Amino acid sequence: MKVAIAASGDSLDSQASPVFGRCSHLIVVNIENGEFKDVKAIPNPATVEGGGAGIKTARIVGDEGAEALISGSVGPNASEVLSQLSIKAYQMVPGTVKQNLTLISEGKLEELTPSAPRGRGLGMGGRGRR
Amino acid sequence: MKTITILSGKGGAGKSTLTASLSVMLALDNKIVAVDCDADAPNLALVLGLEEKNFDTWESLTTGEKIQFSPEKCKTLKFCPKCQGLKKCVDVCNYSAITWNDEKDLPEINELLCVGCGACQLACPTGAFELKKVENAKIGVGKTQYGFPIVSGQLKIGESGSGKVVNALRVKASEIAENIQADYMILDAAAGIGCPVIASVRGSDYIILVTEPTPVAFGDLKRAIKLIDHFNIPCGAVINRCGINRDFANHLQDYFQENQIPLLGMIPYDIRFVKALINLKPAVVYEPNFKMIFEDIMNNCLLDMQETP
Amino acid sequence: MKIAITGGKGGTGKSTISTALALEIANYKKVLLVDVDVECPDDHIILSTTREKLEDVYALLPSFNQEKCLKCGRCAEVCKENAVVFVKDRYPFIVSGQCNGCGACLLTCPSGALGEGQQVIGSIYQGKCQQPHEHEKDHLLLVWGEIEIGCENTSLVVNATRKYATDHFSDYDYFLIDTAAGTHCNVISAMLDADLALAVTEPTPLGKHDLELILQLLDIMQLPAQIIINKSDIGDLNLIGEVSRDKNVPIIQKIPYERNILKKHSRGQPVVHKNIEELAYSLIGMRT
């Protein structure tokens, strides 16, 4: 399975990036029988764009022929592109690229869906705070 | 580094007031960069007591393009077999930026409306239109007297592309943040929910919604909330001038509770906030008694940011 | 006569003054209040109007006919908004949220594979005042535009609202155009066919700074301007006096920051004040 992952550096030991459109690198790997083959690190040219950043980065994932993407969050435009290209997005866990790739090959990463529950404050809603 | 955007929908709700004081409080223990994402009428630097002329650098920005027309290349009506007076340029412009001048028998471009999309360039069979880059804004970096830098921009009056200018401001601020190893970037968004605000919201880690207890501000706030839902970004709320309508303030608190939006704090209505603005000082500097209010908001915000993934 | 109420800075009181002025002028003449702050329209809240949709506003959103598509990728090349996505060997598609409806891709496609589809980017509404302003019912109508949330083509909705008002309500004596804050394309589009612009400001350094910007815009647009100082009793009137003299733009009225005005504002109700009365009267007297 060809997997792309948003990264903060260009190696498997780099930290996985919590952002997608403006991540510094995309790392693309062919995962075969738990092995990481054809590792390719692509500097993300979309780092200076505005609303088109996510779209451009998603296009690169498509160009590389990846079937899956690992990232922290994906904006609405990028989501639309990934969906049109039938690329599944998975929620990254804080850690290295290698750690995340291992998890996805073991089927242990959760899918990132646009309708994922909002990360609204969990502990503080309400009145009478003082 | 985390990015916090301060947003309201309604103009004059207190975004710059909150941004300024929050920044001062945050900067006491953290490295921060403040960014004024209102490139039309930037106020944040002034609220922080920094005038344009005292910025360290100003550079021009070319994020936009405008169409330029060469009349000598336009072969209209009887003389050109290609265009045959079809006025294709006028038809294709979806921004009503091109009209036909019957007297001169030539198209006229309204530069104020041209967004530089290039449709007319593509439509014109004689190459009479060409897109040229235009300097549409300037971007400045300055040092506030409160220990942190500010990035601000000014759109050239009459030019378009305020969203792209905000993007450029954020890129500049990111460079500075990288250099100083900043912990936080604080963005003061413009009024509304349009393109410059969207550019301030995209990719942000947390949004602080500022509102006041009035039906109008509430109407605008609900629209702003729908916008940040679209981008799925965690948020918290601050009620400014909470004393001007206590009943409505309670109504707002109920609304926030029902919608699981944490209330980070409430700022009272106090003429000293106005005086602080007039004196170009952040509220917490003009009136140190206000520090507690903003410290609370800051702490609640940071806490909420930690709790949400 | 078309009068735009604008100001650059948010929160100076454009909607407060627009609605108050509209009610006042409606005592004598037929007024169409056009709220073109389409991102966050407020006038219908202040005037507690009814809400009746007049029409949707559409923008071009090209549609793909895959049978004709050559997968050449030219559409993606010309798109300045990165809205057209072309992955090699696959059919291109458009990200609707990013498309600004310019039509460049349509024009450039060599095989006619792109058609003129559309998407709704906003809507235009009308509303009549309800109690307690019943007596102005026939003399005052509100028309406003609202943009679809997340849409970036605000000026297209502003334009459509303005054009609708001009095309359908020419029997109204006065148009009061309540613009958004700022100085960019939304505000420019709002004031395109105005005869006069009233720049609302406040007597503070921030107010002065933003007033200078809006006056610069009005100058470029060659639109006659006048200044209204809101919250006139806080701050320093000289700040605005300087601008007025410098730019040769008269100050035509001052509205103080009175308790009853703040009360009305906090309740989302229109303001009534003798200074607004005076302003209305002088504006009507000015009509040629």
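**Exercise 1. The B–C contact**

Task: In this predicted model, find how many residues of chain B are in contact with chain C, and which elements of chain B take part.

Solution:
- Start with the head count: 46 residues of chain B touch 50 residues of chain C.
- Now look for elements of chain B that supply two or more residues to that side. They are helix H4 (119-123), helix H5 (162-180), helix H6 (195-201), helix H7 (215-231) and helix H9 (271-278).
- H7(B) gives the largest share, with eight residues.
- Sort the chain B side by class and you get 24 nonpolar, 17 polar and five charged residues.

**Exercise 2. The C–A contact**

Task: Work out how many residues chain C and chain A each bring to their contact, and how the chain C side divides by class.

Solution:
- Chain C puts in nine residues, while chain A puts in 14 residues.
- On the chain C side, four are nonpolar, three are polar and two are charged.

**Exercise 3. Domains in chains B and C**

Task: Say where the domains of chain B and chain C run, and how many Å lie between their centres.

Solution:
- Take chain B to begin with. Domain 1 is made of two stretches, 2-63 + 139-307, and domain 2 covers 66-134.
- Over C-alpha atoms, the centres of these chain B domains are 42 Å apart.
- Where the chain B domains meet, four residues of domain 1 contact four residues of domain 2.
- The domain 1 side of that chain B contact has no nonpolar residues, three polar ones and one charged one.
- Move on to chain C, where domain 1 is 2-58 + 122-286 and domain 2 is 62-116.
- For chain C, 40 Å separate the C-alpha centres of the two domains.

**Exercise 4. Positive phi in chain B**

Task: Locate Ser96(B) and Asp105(B), give their phi values, and decide whether each is buried, partly exposed or exposed.

Solution:
- Here's the background: most residues other than glycine have a negative phi.
- Ser96(B) isn't a glycine, yet its phi is positive, about 55 degrees.
- You'll find Ser96(B) in the loop between helix H3 (88-92) and strand E5 (98-101) of chain B.
- Count its surroundings: Ser96(B) has 16 C-beta neighbours inside 10 Å, so it is partly exposed.
- Asp105(B), also not a glycine, has a positive phi near 60 degrees.
- Asp105(B) sits in the loop between E5 and strand E6 (106-109) of chain B.
- The cut-off for exposed is 12 or fewer other C-beta atoms within 10 Å. Asp105(B) has 12, so it counts as exposed.

How values were computed:
Residues are numbered from 1 along each chain as its sequence is written. Chains are lettered from A and ligands numbered from 1 in the order in which they are written. This is a predicted model: local features need pLDDT of at least 70, side-chain atom pairs count only at pLDDT 80 or more; totals for chains, interfaces and linings use all residues. Two residues are in contact if their C-beta atoms, placed from the backbone, lie within 7 Å. Ala, Val, Leu, Ile, Met, Phe, Trp, Tyr, Cys and Pro count as nonpolar, Asp, Glu, Lys and Arg as charged, and the others, Gly among them, as polar. Domain bounds come from an automatic or database domain assignment. Helices (H or I, at least four residues) and strands (E, at least two) are DSSP runs, numbered from the N terminus. A residue is buried if 20 or more other C-beta atoms lie within 10 Å of its own, exposed if 12 or fewer, and partly exposed in between; C-beta atoms are placed from the backbone.
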